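User: I would like to go through this structure with you, one topic at a time. Could we start with the rings?

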Amino acid sequence: MNNKVKILFSIEEAFSAIVANKLRSLLTATGIVFGVASVISMIAISRGSQKEILDQISKIGAKNIIIEQSATEQEINSTDALRLNDINTLKNIVSSIQYISPYTGTAAQIQLQNKNREIMLAGVNNDFFKIFNIEIIEGSGFNSIQTENYMPVCIINEELKRKLNFNKDTGQYLKVENIWLKITGIYKSREQTKKTDIELNFLNNSNTIYTTHNNLKYRFGQHKDKYKAKQNKLYLLNKNNIDRIVLQVNSIDNLIPSGRLIKKVLERRHPENENLHV
């Protein structure tokens, strides 16, 4: 019996077995179909989750390091909190730092469509926008004159601009609490997702207005009684204290060694602060 005859004989036997056991064959085929479908679905879900996680990492930045304090302001001795001069120290010691910015945020209110709306007012510098890929689509970031002279300026997102019905992109004024801030830039809004654990709330820019860190401390720190009663914000009472330091290193290969060095530097500078996380 040659090979061709053997193959034909085997096919005939298999077909006969299928016909003789129709129910079993149907169940087997159904099992294979559902099994393959399940595997395909799991791969699709896995790839979808992976894409979402990668998207989040892209927003946060693969080369970024965030230094923050897990404790509340009341639990941290204000003299041992993160401070502005920590930024200069880190820049001088850690050569791999490409961009670095302070971040201090406080809740504030604006008037929108005849209603008070709570927003996040964040004090940063221009590096912050580079670190987190926040695109300024109209106007510009903060210049040195605005920063050094504590000028009342701000950058808002395009969604807020639309809701305010402003007829110009920049140059108009927005009242935040009782202080008028000049809009110098508009940044592009981006979608935020809450489906992954790596999302950081302070990066949710849907209701964030950015100003210079100096302006935040100088003008909004003057409302000491109001803010202290509302939020117990020790950081607003001390112009040098900051909530976070955010930075980006020049290479992903330098991420881990830079993080270790940063942690050592900050532990030496703040030996009493056990709540720092790098």
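User: Is phenylalanine 128 buried or exposed?

Analyst: This is a predicted model. In it, phenylalanine 128 has a relative accessible area of 0%. Phenylalanine 128 is therefore buried, because any value under 20% counts as such.

User: And tyrosine 210, buried or exposed?

Analyst: Tyrosine 210 is buried, with a relative accessible area of 0%.

User: How many aromatic pairs does the structure hold?

Analyst: There are 8 aromatic pairs in the structure. One of them joins phenylalanine 128 to tyrosine 210; their ring centres are 5.4 Å apart, and the angle of 50° between the planes makes the pair tilted.

User: Which parts does that pair tie together?

Analyst: Phenylalanine 128 belongs to helix α4 (residues 127-131) and tyrosine 210 to strand β8 (residues 208-212), so the pair ties together parts 82 residues apart in sequence.

User: What about phenylalanine 129 and tyrosine 210?

Analyst: Those two rings also form an aromatic pair, at 5.4 Å centre to centre, with 85° between the planes. That pair is edge-to-face. Phenylalanine 129 lies in helix α4 and tyrosine 210 in strand β8, so here the parts tied together are 81 residues apart in sequence. Both phenylalanine 129 and tyrosine 210 are buried.

User: Which residues are in the ring cluster?

Analyst: Ring pairs link Tyr103, Phe128, Phe129, Phe132, Phe142, Tyr187 and Tyr210 into a cluster.

User: New topic: helix α10. How many residues does it have, and what distance does it reach?

Analyst: Helix α10 covers residues 255-269, which is 15 residues. From the first C-alpha to the last, helix α10 reaches 21 Å, close to the 21 Å expected at 1.5 Å a residue.

User: Which residues of α10 are buried?

Analyst: Ser258, Gly259, Ile262, Val265 and Leu266 are the buried residues of α10. Viewed down the helix axis, the buried residues of α10 fall within an arc of 130°, so they line one face of the helix.

User: Why can residues some places apart point the same way?

Analyst: An α-helix has 3.6 residues a turn, so residues three or four places apart point the same way.

User: What do the buried residues of α10 pack against, and which residues are exposed on the other side?

Analyst: The buried residues of α10 pack against β1 (64-69), α3 (84-93), β9 (244-249) and β10 (276-277). On the other side of α10, the exposed residues are Ile256, Arg260, Lys264 and Arg268.

User: Let us turn to charges. How many salt bridges are there?

Analyst: The structure holds 3 salt bridges. In one of them, glutamate 68 pairs with arginine 244, and the closest N and O atoms are 2.8 Å apart. Glutamate 68 sits in strand β1 and arginine 244 in strand β9, so this salt bridge ties together parts that are 176 residues apart in sequence.

User: What does arginine 269 meet in a salt bridge?

Analyst: The side chain of arginine 269 meets that of aspartate 86, at 2.4 Å from N to O. Because arginine 269 lies in helix α10 and aspartate 86 in helix α3, the pair ties together parts that are 183 residues apart in sequence. Arginine 269 counts as partly exposed at 32% relative accessibility, whereas aspartate 86 counts as buried at 0%.

User: Where do lysine 163 and glutamate 159 lie?

Analyst: Both lie in helix α6 (residues 158-164), 4 residues apart, about one turn of the helix. Their side chains meet in a salt bridge of 3.1 Å, N to O. Lysine 163 is partly exposed, with a relative accessible area of 31%, and glutamate 159 is partly exposed at 23%.

Note on methods:
Residues numbered from 1 in each chain as written. Predicted model: local features only at pLDDT ≥ 70, side-chain atom pairs only at ≥ 80, totals over all residues. Heavy atoms only, no water. Phe/Tyr/Trp six-rings, centres within 6.5 Å; stacked < 30°, edge-to-face > 60°. Helix = DSSP H or I, 4+ residues; strand = E, 2+ residues; numbered from the N terminus. Buried < 20%, exposed > 50% of the residue type's maximum accessible area, 1.4 Å probe, protein only. Expected span 1.5 Å × (residues − 1). Arc of directions from axis to C-beta. Contact = heavy atoms within 4.5 Å. Salt bridge = Lys/Arg side-chain N within 4 Å of Asp/Glu carboxyl O.
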